[in-house]
Amino acid sequence: MRQPLEDGTVCIARASMSLTFPARFMLAAAMNPCPCGYFNDRSRECHCTPPMIQRYISKISGPLLDRIDIHIDVPAVNYKEMRSTSVPESSLQIRDRVIRARQTQLTRFATLKEKLYCNAQMSPRHIRAYCDLSADCERLLERAMSQQGLSARAHDRILKVARTIADLEGVAAIEPKHIAEAIQYRTLDRTFWA
């Protein structure tokens, strides 16, 4: 699984030959936070011990998790939130914002020789070119890297996500709030792998 996520190809090797196929895909996965499913739940008590949770979470390897751009906790929705009369942002509004951000990315990469269609496809060379950081952004990212013990791969993923957040806002430069939000999307780096 790690190889297709990293390279976008699958290689099948047999005794007589080896074949490589394209395999660029978006992985969406879900898991419970612990064996009983109630770790950090506001309404129910978790009876799992830390070693049980560690064993459960370690079923996903750190190197595989490191290749996933965004991982977040999604708590259960409480009754008041379900019954709220406030109107959330519509899917149509979100879709329009995503289309504008994707167009920004296509324009950004239009002059490159290689074909890039979105920020997720950026290599470290592209990240250096398109993810300029202010001094405040640098300090914030450096502090997160050292305090959370993040890998170089996580560093690049944070920058790509921050660049995308800025694109969704329609902002040309990455700001500290974009870096902070991208760091927040690395929740599993901060729990049992840290």
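**Salt bridges and helix packing, term by term**

Trainee: Why does R157 count as buried?

Mentor: Its relative accessibility is 9%, and the cut-off for buried is under 20%. So R157 counts as buried. Bear in mind that this is a predicted model.

Trainee: And E6, why does that one count as partly exposed?

Mentor: Partly exposed covers the range between under 20% and over 50%. E6 comes out at 37% relative accessibility, so it counts as partly exposed.

Trainee: What makes R157 and E6 a salt bridge?

Mentor: The rule asks for a side-chain nitrogen of Lys or Arg within 4 Å of a carboxyl oxygen of Asp or Glu. For the side chains of R157 and E6, the N to O distance is 3.7 Å, so the pair fits the rule.

Trainee: How do you know that this pair links distant parts of the chain?

Mentor: Look at where the partners sit: R157 is in helix α8, residues 152-169, and E6 is in helix α1, residues 2-7. They are 151 residues apart.

Trainee: Which other salt bridge does R157 form, this time with D69, and how far apart are the closest N and O atoms?

Mentor: The closest N and O atoms of R157 and D69 are 3.1 Å apart, and the cut-off is 4 Å, so that is a salt bridge too. D69 lies in the loop between α3 and α4 while R157 lies in helix α8, so the pair ties together parts 88 residues apart in sequence.

Trainee: Which residues does the salt-bridge network link?

Mentor: E6, D66, R67, D69, R153, R157 and R186 are linked in it. The search of the whole structure turns up 13 salt bridges.

Trainee: What makes D167 and R108 a salt bridge?

Mentor: Their closest N and O atoms are 2.7 Å apart, and that sits within the 4 Å limit, so the pair qualifies. D167 belongs to helix α8 and R108 to helix α5 (residues 91-109), with their positions 59 residues apart in the chain. D167 and R108 are both buried.

Trainee: Switching to helices, why is α7 called roughly parallel to α9?

Mentor: Helix α7 (residues 135-148) and helix α9 (residues 176-184) pack at an angle of about 20°, with axes 8 Å apart. Angles under 35 degrees count as roughly parallel, so α7 is roughly parallel to α9. As for handedness, α7 passes α9 in a right-handed crossing.

Trainee: Which residues make that contact?

Mentor: From α7, you have D136, C137, L140, L141, A144 and Q148. On the α9 side, you have P176, I179, A180 and I183. They divide into eight nonpolar, one polar and one charged.

Trainee: What about F25: why is it partly exposed?

Mentor: Its relative accessible area is 36%, and partly exposed means neither under 20% nor over 50%, so the label fits. F25 is found in the loop between β2 and α2. It touches M1, P4 and L5, leaving aside residues up to four places away in sequence.

Trainee: Finally, how many helices and strands does the protein have, and what share of its residues counts as buried?

Mentor: There are ten helices and two strands. From the N terminus, they run α-β-β-α-α-α-α-α-α-α-α-α. Of the 194 residues, 28% count as buried. Among contacts between residues at least 6 apart in sequence, 53% join residues at least 24 apart.

Key
Residues are numbered from 1 along each chain as its sequence is written. This is a predicted model: local features need pLDDT of at least 70, side-chain atom pairs count only at pLDDT 80 or more; totals for chains, interfaces and linings use all residues. Side-chain values use heavy atoms; hydrogens and water are left out. Helices (H or I, at least four residues) and strands (E, at least two) are DSSP runs, numbered from the N terminus. Buried means under 20% relative accessible area, exposed over 50%, partly exposed in between (1.4 Å probe, protein chains only). Axes are lines fitted to C-alpha atoms, for helices over the stretch in contact, and angles run from 0 to 180 degrees between N-to-C directions. Angles under 35 degrees count as roughly parallel, over 145 as roughly antiparallel, 65 to 115 as roughly perpendicular and the rest as oblique. A crossing is left-handed if the near helix is turned anticlockwise from the far one by less than a right angle, and right-handed if clockwise. Contact means heavy atoms within 4.5 Å. Ala, Val, Leu, Ile, Met, Phe, Trp, Tyr, Cys and Pro count as nonpolar, Asp, Glu, Lys and Arg as charged, and the others, Gly among them, as polar.
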